[in-house]
Amino acid sequence: MELLHAEPALFTGLVFLFSLLVGSFLNVVIHRLPKIMEAEWHVQCAELRGETMPEAAPYNLAVPRSACPQCGHQITALENIPLLSWLWLRGRCSSCRTPISARYPLVELLTALLSAAAAWKWGVSVPTVGALLLIWTLIILAFIDLDTTLLPDSLTLPLLWLGLLFNLGGYFASLPDAVIGAMVGYLVLWSVYWLFKLVTGKEGMGYGDFKLLAAIGAWLGWQMLPVTLLLSSVVGAAIGIAMIVLVKHDRRVPIPFGPYLAGGGLVALFFGADLTQAYLGQL
């Protein structure tokens with residue numbers, strides 16, 4: 001530990017390498033968690049109808065082993081090395097040569113880079129552990145929402161309580177600021193949701209967005225909510241308009257807001273205090 005304290009570059013490098021492995025696991029969670037949730041919903045619906053579902057093969061985050069969805073080839077250990085295996089395989093299955101999405105190595109690299117940035121910023125400390133947990137969960141939530149327009153309660157609610165737990169020690173915000181952040185984060189988007197629904201008769205966002213912003217408020221305090229909301233709203237609006245104008249995106253098809261909230265939360269985690277101070281300085 002003394003060596004890691006004395007050599008921040010070494011600690012950062014170790015976190016980078018470890019987080020590549022974590023990024024590989026995050027890909028599994030992103031892919032499987034929605035399928036697990038869907039299977040649970042089918043079981044619950046069957047129970048409500050008084051039916052009995054046939055027993056299915058185990059499917060969770062651990063089993064079965066990862067395999068090619070096209071040919072069923074099981075991924076070997078050598079084919080599952082973060083970043084390197086995708087490059088070595090040239091982005092294709094070793095058995096049937098079906099293309100493997102570049103998103104898998106990109107998630108691994110994004111996880112490693114953000115984790116290394118947290119390690120460099122906070123060093124060997126409790127805030128680093130908290131920042132890593134926040135970063136990893138926000139990455140999962142962003143990509144699940146991008147794929148399914150879902151923000152699972154099984155992730156957003158534990159994330160909220162973890163934020164309050166870490167701020168018992170005031171690592172990212174004081175506990176009162178964290179509690180207020182959780183309440184205000186939820187109520188702000190809840191109010192926008194109901195105002196939009198009263199005016200248009202339509203739902204403008206999902207309840208998962210309220211819980212995600214509440215979780216960010218619980219981690220970073222209410223002071224970081226304006227930065228998070230401003231960044232996520234501006235970027236989300238710009239990309240949404242570009243999709244409608246340039247690629248003729250159907251306006252009736254919802255655009256997930258979770259990835260932008262997660263991105264705004266990550267910017268606030270690293271630069272929120274500086275951005276807020278710079279803005280107040282201009283005033």
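1. A residue counts as exposed when its relative accessible area is over 50%, as buried when that area is under 20%, and as partly exposed in between. The model under review is predicted. The notes below start with backbone outliers, then turn to cysteines and helix packing.

2. R90 deserves a look. Its phi is near 55°, a positive value in a residue that is not glycine. R90 sits in the loop between α3 and α4 (103-122). With a relative accessible area of 73%, over the 50% cut-off, R90 is therefore exposed.

3. L83 is another non-glycine residue with positive phi, here about 65°. The loop between α2 and α3 holds L83. Its relative accessibility is 23%, so L83 is classed as partly exposed.

4. The loop that runs from α2 (8-48) to α3 (84-88) also contains P64. The peptide bond between V63 and P64 is cis, with omega of about -5°.

5. A62 lies in the loop between α2 and α3 as well. Its relative accessible area is 62%, so A62 is exposed. A62 and V15 are 47 residues apart along the chain, and 23 Å separates their C-alpha atoms.

6. Cysteines next. How many disulfides does a search of the whole structure find? The count is 0. For C71, the closest cysteine sulfur belongs to C96, at 3.6 Å. A disulfide needs the two sulfur atoms within 2.5 Å, so this pair is too far apart for a bond. C93 is in no disulfide either; the nearest cysteine sulfur to C93 is again that of C96, 3.8 Å away. Accessibility is 37% for C71, which makes C71 partly exposed. C93 has a relative accessible area of 5% and is buried.

7. Helix α5 packs against α2. Their axes come within 10 Å and cross at roughly 35°. The crossing is right-handed. On the α2 side, the contact is made by F11, V15, F18, S19, V22, L26, V29, I30, L33 and P34. On the α5 side, the contributors are T128, L132, W136, I139, I140, F143, I144, D147 and T148. V15, the partner in the A62 distance, is thus among the α2 residues in this contact.

8. T111 of helix α4 links to the residues just named. Is T111 buried or exposed? Its relative accessibility is 0%, so T111 is buried. Setting aside neighbours within four places in sequence, T111 contacts S19, V22, G23, L26, W136 and I139. Of these, S19, V22 and L26 of α2 and W136 and I139 of α5 also take part in the contact between α2 and α5.

9. α5 also meets helix α6 (residues 153-166). The axes come within 11 Å and cross at roughly 160°. An angle over 145° counts as roughly antiparallel, so α5 and α6 are placed in that class. The handedness of this crossing is left. From α5 come V126, V129, G130, L133, L134, T137, L138, I140, L141 and I144. From α6 come L155, T156, L159 and F166.

10. How are α5 and α8 arranged: which handedness does their crossing have? It is left-handed. The axes of α5 (residues 126-148) and α8 (residues 207-220) come within 12 Å and cross at roughly 165°. The two helices are therefore roughly antiparallel. G130, L134, L138, L141 and D145 of α5 meet D209, L212, W219 and L220 of α8. G130, L134, L138 and L141 are also listed in the contact of α5 with α6.

11. The length of helix α7 checks out. Its 26 residues, 175-200, should span 38 Å at 1.5 Å a residue. The end C-alpha atoms are 38 Å apart, so expected and modelled spans agree. Buried residues in α7 are D177, A178, G181, A182, G185, L189 and Y193. After α7 comes G201, with a positive phi near 80°.

Technical notes
Residues are numbered from 1 along each chain as its sequence is written. This is a predicted model: local features need pLDDT of at least 70, side-chain atom pairs count only at pLDDT 80 or more; totals for chains, interfaces and linings use all residues. Side-chain values use heavy atoms; hydrogens and water are left out. Helices (H or I, at least four residues) and strands (E, at least two) are DSSP runs, numbered from the N terminus. The expected span of a helix is 1.5 Å times one less than its number of residues. Buried means under 20% relative accessible area, exposed over 50%, partly exposed in between (1.4 Å probe, protein chains only). Axes are lines fitted to C-alpha atoms, for helices over the stretch in contact, and angles run from 0 to 180 degrees between N-to-C directions. Angles under 35 degrees count as roughly parallel, over 145 as roughly antiparallel, 65 to 115 as roughly perpendicular and the rest as oblique. A crossing is left-handed if the near helix is turned anticlockwise from the far one by less than a right angle, and right-handed if clockwise. Contact means heavy atoms within 4.5 Å.
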